[in-house]
Structure formats: C-alpha cells, structure tokens
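Q: I have a structure open and could use a quick tour. Can you walk me through it?

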Amino acid sequence: MKIKLKELKPNPFKKYINGGVLNQEKIEMLKESIRQDGFWDNVICRKNCDGYEIAYGHHRLEAAKQILGGTHEVDIPVKNLTDEMMVRILGNENCMQNEEYAIYQVDQVLLAK
C-alpha cells in the first residue's frame, strides 16, 4: 500500500527503548545510503485509529523523511499485527543489531506493558 512518510508513526513500544530517542549517527549513515541507493521499503506497519504504526525501521524512516520529505510515498505492507507481535518484531530487529542490549530492551518493553 502506498503511504506518505509523514503518515507513518513509530511502534508504540519504541518509547520504552531509550525513551524513543533515535541515534543521529545512524540516521546520517542511512541518509547517505538513501542518497546512493534510494529508500528500501523493508518496513511493515499496521493500521490503527491514528493512522499507521511501523513495526521497526525507525532510523530508516527518519532518514527517509529528511531526504525525501514527508509527502513522499512508499509502498509498505499493512499487516494485522497485535501488540505482542509489534513487541516481538521490534525486539527481533534490534537483536540483529546488538543482541545483548536488545534483550534488555525487549525486557523493558514487556515490563512496561
């Protein structure tokens, strides 16, 4: 489904990981990647009453917004994802980046829930 970047909201559980603060260094690296290779829309989302929430890819999405603008449309699959699935997907994505820290993050999200 084609969705404008500005309509994609964060995973509601992202706020429990570093207060939802994104790593600016990572965003800058992803911006360079988008400049060179374009935006890879390897993100999934779910629809809720406020619009669309992404399961993961927060840094990639922010980089894309900064490079392409909020009105740029991307083709993103909309899935029927439960809260539990959103937590698991977010945790799995972070585990691939930093396994030890990601396990702590998932624990924090589960405790908050």
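**Strands, a helix and a pocket**

A: Sure. This is a predicted model. Start with strand S3 (residues 45–48) and strand S4 (residues 51–54), which are joined by four bridges and run antiparallel.

Q: How many residues does the hairpin use to join S3 to S4?
A: The hairpin goes through two residues.

Q: And which residue in S4 is the bridge partner of Cys45?
A: Ile54 is the partner of Cys45.

Q: New topic. Which residues of helix H2 are buried?
A: H2 covers residues 58–68, and its buried residues are His58, His59, Arg60, Leu61, Ala63 and Ala64.

Q: What comes just after H2?
A: Gly69 does, with a positive phi of about 95°.

Q: What about Asn18, what is its phi?
A: Asn18 has a positive phi of about 55°, and Asn18 is not a glycine.

Q: Where is Asn18?
A: Asn18 sits in the loop between strand S2 (8–9) and helix H1 (24–37).

Q: Why does Asn18 count as partly exposed?
A: Because its relative accessibility is 46%, and partly exposed runs between the 20% and 50% cut-offs.

Q: Now pockets. What volume does the second largest pocket have?
A: About 170 Å³. There are 14 lining residues, and the closest to the centre of this pocket are Lys9, Pro10, Lys14, Leu22 and His58.

Q: Which element gives the largest share of that lining?
A: H2, with four residues. S2 also supplies at least two.

Q: How does the lining divide into nonpolar, polar and charged?
A: Six residues are nonpolar, three are polar and five are charged.

How values were computed. Residues are numbered from 1 along each chain as its sequence is written. This is a predicted model: local features need pLDDT of at least 70, side-chain atom pairs count only at pLDDT 80 or more; totals for chains, interfaces and linings use all residues. Side-chain values use heavy atoms; hydrogens and water are left out. Buried means under 20% relative accessible area, exposed over 50%, partly exposed in between (1.4 Å probe, protein chains only). Two strands pair if DSSP finds at least two bridges between them. On a 1 Å grid over the protein atoms alone, a cavity is a set of points where a 1.4 Å probe fits but cannot get out, and a pocket is an open set with protein on both sides within 12 Å along at least five of seven lines; lining residues have an atom within 4 Å of a point. Grid points are joined across faces, edges and corners, and a volume is the space filled by probe spheres set on the points. Ala, Val, Leu, Ile, Met, Phe, Trp, Tyr, Cys and Pro count as nonpolar, Asp, Glu, Lys and Arg as charged, and the others, Gly among them, as polar.
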